[in-house]
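Take a moment to turn the model around on your screen before reading on. We'll go through it piece by piece, with a few questions along the way.

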Protein chains: 2
Amino acid sequence: MRTEGRAKRLPRAVRERQIMDAAVDVFSRLGFHSASMDEISEVAGISKPMLYAYLGSKEELFATCIRREATRMMEAIATGVEPDQEPDVQLWSGLRAFFGFVGENRASWMVLHRQASSQGGPFAVELMDMRARAVSLVAALLTQSTKAPATKLEAESLAAALVGAGESLADWWLDHPEEPAGVVAARLMNLVWMGFGDLVDGNVWHPPSRR
Amino acid sequence: MRTEGRAKRLPRAVRERQIMDAAVDVFSRLGFHSASMDEISEVAGISKPMLYAYLGSKEELFATCIRREATRMMEAIATGVEPDQEPDVQLWSGLRAFFGFVGENRASWMVLHRQASSQGGPFAVELMDMRARAVSLVAALLTQSTKAPATKLEAESLAAALVGAGESLADWWLDHPEEPAGVVAARLMNLVWMGFGDLVDGNVWHPPSRR
DNA sequence: CAGTAGTCTTACTCGTGAGTAGGTACCAGG
DNA sequence: CCTGGTACCTACTCACGAGTAAGACTACTG
């Protein structure tokens with residue numbers, strides 16, 4: 001296995017992709033600190049100086065990973081959501097897109113959610129930036145559709161709670177992969193749209209057919 | 001400042017408490033990996049070998065911190081909750097106790113939520129254990145009070161979502177400390193009990209007076 | 001078939017931090 | 001005033017991992 005001498009010559013862009021993929025994999029498994037540049041270079045099938053030549057320091061590499069994965073995820077959600085619809089439909093499509101992305105791309109999700117948020121450095125900035133975009137998206141959805149005089153703070157905190165519920169449920173889902181994405185998404189939709197109060201009485205929210 | 005020579009002689013139990021307090025403080029600020037035993041010993045006003053003599057290795061120390069803080073927190077919640085009440089009242093009192101604990105004990109919360117969950121090792125076990133207890137508490141509450149034939153998996157995932165929402169909102173709260181605990185708790189209560197659907201229509205849940 | 005630009009490597013340096021060896025001060029009870 | 005025993009210290013060892021120096025290999029260009 002360790003018999004590979006020199007790696008095959010490849011154009012820079014291709015190598016950079018390989019390295020990033022390896023980095024996301026290793027960071028997701030080991031976390032930022034425990035991950036070593038040696039291991040990343042090994043997984044990428046390349047030697048360490050290449051890593052430094054192409055992607056800079058360990059911190060830069062990590063930040064680049066976060067940026068890439070965050071962008072991929074936000075694009076997936078943006079693509080999935082349907083604007084100019086009723087609030088509940090918008091929320092529903094957003095949730096579906098989110099859980100769809102997490103279902104594939106488990107490693108990406110680990111890096112984004114677990115690792116990035118626990119490092120205090122410049123990473124949290126990148127991450128919180130994305131998270132803030134998600135939160136204000138939901139907050140806007142809430143504000144525009146509510147009739148009650150909700151304050152900015154109120155909408156924001158509710159949105160934070162909802163986003164957190166999504167994150168947490170995604171984590172839970174990682175341990176129960178037998179459930180399909182749609183089911184999990186629908187469950188969260190029911191919780192945040194109907195509330196326990198209604199669920200207890202047997203009133204549920206129905207997604208597709210009507211409309 | 002660095003002029004202290006020898007520390008005053010104290011009984012072991014007292015020193016252990018001091019060390020634990022220092023450890024929670026440092027771990028919460030720096031995270032597990034970045035925290036050094038040197039700094040912990042410094043903050044505790046003691047030298048490194050004492051640390052090893054009393055609390056063992058770094059990992060043992062961290063695990064002990066988690067266990068202590070988790071226990072403190074679960075006790076706080078258990079004390080605050082009111083059994084033999086309507087489901088919504090039980091949930092409400094649980095939420096109040098939770099946010100009350102986080103309000104004081106910020107450091108404890110950081111260690112528990114951010115640090116412990118991001119380390120894959122034996123720590124996650126400790127933590128997930130406590131989290132599982134919280135989740136099944138909520139799941140039981142849900143199951144016993146619902147009329148719909150909710151599956152075990154369904155109740156569990158909803159509970160996970162709720163717990164996650166609480167955690168996330170607690171994190172958000174750390175950045176907006178101006179809000180009192182009760183307000184934040186009430187907001188989450190509204191979200192999970194009434195749901196956005198009702199909130200949008202201006203129907204809110206009222207906590208105390210009636211009953 | 002030079003020359004040169006970009007890919008790739010081996011083999012180091014050097015700081016940092018976990019864990020320890022081998023003591024010194026202080027307080028019993030005899 | 002000796003004799004332990006427990007709290008406490010200074011000053012190390014040693015591994016591991018980030019980052020680098022210096023050069024070798026390949027391929028295209030005139």
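Leaving aside its neighbours within four places in sequence, which residues is Ser157(A) in contact with? Keep in mind as you look that this is a predicted model. The residues to find are Leu169(B), Trp172(B) and Arg187(B). Notice the letter in the brackets: Ser157 belongs to chain A, while these three partners belong to chain B.

Let's stay with Ser157(A) a little longer. You'll find Ser157(A) in helix 8 of chain A, which covers residues 152–174. Is Ser157(A) buried or exposed? Its relative accessible area is 1%, and anything under 20% counts as buried, so Ser157(A) is buried. You can also compare its position with that of Ser136(A), which is 21 residues away along the chain. The C-alpha atoms of Ser157(A) and Ser136(A) are 10.0 Å apart.

Now zoom out to chain A as a whole. What is chain A built from? There are 9 helices and 0 strands, so if you walk from the N terminus, the elements read α-α-α-α-α-α-α-α-α. Chain A has 211 residues, and 50% of them count as buried. Have a look at the contacts too: of those in chain A with a separation of 6 or more, 63% join residues that are 24 or more positions apart.

How do chains A and B relate to each other? In general, two copies of a chain are related by a rotation about an axis and a shift along it. Here, a turn of 180° with a shift of 0.0 Å along the axis lays chain A on chain B, with an RMSD of 0.1 Å. The two copies are therefore related as by a two-fold rotation axis. The interface fits in with this: 100% of the interface residues of chain A are also interface residues in chain B, so the copies meet through the same surface.

Next, pick out helix 1 of chain B, residues 12–30. This helix has 19 residues and spans 26 Å from its first C-alpha to its last, close to the 27 Å expected at 1.5 Å a residue. Which residues of helix 1 of chain B are buried? Among them are Ile19(B), Met20(B), Ala23(B), Val24(B) and Phe27(B). A rule about helices is handy here. An α-helix has 3.6 residues a turn, so residues three or four places apart point the same way. Against what do the buried residues of helix 1 of chain B pack? Their partners are helix 2 (37–43), helix 3, helix 4 (58–80) and helix 6 (106–118) of chain B. After helix 1 of chain B comes Gly31(B), with a positive phi near 85°.

Helix 6 of chain B is worth a stop of its own, as His113(B) sits in it. His113(B) has a relative accessible area of 18%, so it is buried. Not counting residues up to four places away in sequence, His113(B) touches Glu167(B) and Asp171(B).

Finally, let's turn to the DNA, beginning with strand C. How many residues surround DNA strand C? There are 22, and the closest come from both chains: Lys8(A), Arg9(A), Ser47(A), Arg6(B) and Lys48(B). Of the atoms of DNA strand C that come within 4 Å of the protein, 55% belong to sugar and phosphate. For one contact with the backbone of the DNA, look at Arg15(A), where an N or O atom of the side chain is 3.1 Å from a phosphate oxygen of DNA strand C. Bases take part too: a polar side-chain atom of Lys48(B) is 2.7 Å from a base oxygen of DNA strand C. The surface near DNA strand C has 10 nonpolar, 3 polar and 9 charged residues.

DNA strand D is surrounded by 22 residues, and the closest are Met37(A), Lys48(A), Tyr52(A), Lys8(B) and Ser47(B). Sugar and phosphate make up 61% of the atoms of DNA strand D within 4 Å of the protein. At Met37(A), a polar backbone atom is 2.9 Å from a phosphate oxygen of DNA strand D. Arg9(B), in turn, has a side-chain N or O atom 2.9 Å from a base oxygen of DNA strand D.

Conventions
Residues numbered from 1 in each chain as written. Chains lettered and ligands numbered in written order. Predicted model: local features only at pLDDT ≥ 70, side-chain atom pairs only at ≥ 80, totals over all residues. Heavy atoms only, no water. Least-squares fit on C-alpha atoms with pLDDT ≥ 70 in both. Contact = heavy atoms within 4.5 Å. Near = heavy atom within 4 Å. Polar contact = N/O pair within 3.5 Å; in protein donor to acceptor, adjacent residues only side chain to side chain. Nonpolar A, V, L, I, M, F, W, Y, C, P; charged D, E, K, R; others polar. Helix = DSSP H or I, 4+ residues; strand = E, 2+ residues; numbered from the N terminus. Expected span 1.5 Å × (residues − 1). Buried < 20%, exposed > 50% of the residue type's maximum accessible area, 1.4 Å probe, protein only.
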